[in-house]
Amino acid sequence: MLLLNGGKEFLVLLPNADATTLNDLVERLRLIIEKSVFTYDSKRISISVTIGAATLINKDSFDSFASRADRARYVGEEIGRNRYQYELA
């Protein structure tokens, strides 16, 4: 699971993804967003994203699972934004 926030949050679930797959996918996503340039009202805009991620633990509730991903995102923002932060169980 990963949670992204830049004023707006959304959740992405990656069923059956192990920690290595999760790390690879999330870092690729972060780099794609970082390198993308958007145009709005004739102005070029670059954005970045801070991503928090967690993996499901046996008998985990959705709330605790989502809370760990959100905490990881918050830590990432505190450390320095435009990064990927993973919270271990």
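**Note on buried charges, helix α2 and the nonpolar core**

1. Arg 30 counts as buried, with a relative accessibility of 9% (buried is under 20% relative accessible area, exposed over 50%, partly exposed in between, using a 1.4 Å probe and protein chains only). The model is predicted: local features need pLDDT of at least 70 and side-chain atom pairs count only at pLDDT 80 or more, while totals for chains, interfaces and linings use all residues. Residues are numbered from 1 along each chain as its sequence is written, and side-chain values use heavy atoms, with hydrogens and water left out.

2. The side chain of Arg 30 meets that of Glu 34 in a salt bridge, at 3.5 Å from N to O (a salt bridge is a side-chain nitrogen of Lys or Arg within 4 Å of a carboxyl oxygen of Asp or Glu). The two residues are separated by about one helical turn because they lie four residues apart in helix α1, residues 19–35 (helices are DSSP runs of H or I with at least four residues, strands are runs of E with at least two, and both are numbered from the N terminus). Glu 34 is partly exposed at 32% relative accessibility.

3. Helix α2 covers residues 62–79, 18 residues in all, and spans 26 Å from its first C-alpha to its last, close to the expected 26 Å (the expected span is 1.5 Å times one less than the number of residues). Its buried residues are Phe 65, Ala 66, Arg 68, Ala 69, Ala 72, Arg 73, Gly 76 and Glu 77. Just after α2, Gly 80 has a positive phi of about 160 degrees.

4. Charged residues of α2 also take part in pairing. The structure holds five salt bridges. In one, Asp 60 pairs with Arg 68, with the closest N and O atoms 2.8 Å apart; Arg 68 is buried at 6% relative accessibility. In another, the side chains of Glu 77 and Arg 73 meet at 3.1 Å, N to O. Arg 73 is buried, with a relative accessible area of 6%, and Glu 77 is buried at 18%. Both lie in α2, four residues apart, or about one turn of the helix. Elsewhere, Glu 27, Arg 30 and Glu 34 are joined into one network by salt bridges that share partners.

5. The largest nonpolar core has seven residues: Leu 22, Val 26, Ile 33, Val 49, Ile 51, Ala 53 and Tyr 84 (such a core is a set of buried Ala, Val, Leu, Ile, Met, Phe, Trp, Tyr and Cys residues joined through side-chain atoms within 4.5 Å). Helix α1 and strand β5 (50–54) each supply at least two of its residues, and the largest share, three residues, comes from α1. In soluble globular proteins, nonpolar side chains tend to be buried together.

6. Leaving aside residues up to four places away in sequence, Tyr 84 touches Leu 22, Asn 23, Val 26, Glu 27, Arg 30, Ile 51 and Ala 53 (contact means heavy atoms within 4.5 Å). The list thus includes Arg 30, the residue of the opening point, and Glu 27.

7. Thr 50 belongs to strand β5 and is buried, with a relative accessible area of 4%. Its side chain reaches the backbone nitrogen of Asn 82 at 3.1 Å.

8. Val 12 is in strand β2, residues 9–12, and is partly exposed at 25% relative accessibility. Its C-alpha atom is 9.4 Å from that of Ala 53, although the two residues are 41 residues apart along the chain.

Note on methods
A polar contact is a pair of N or O atoms within 3.5 Å; within protein, one must be able to donate a hydrogen and the other to accept it, and residues adjacent in sequence count only if both atoms are side-chain atoms.
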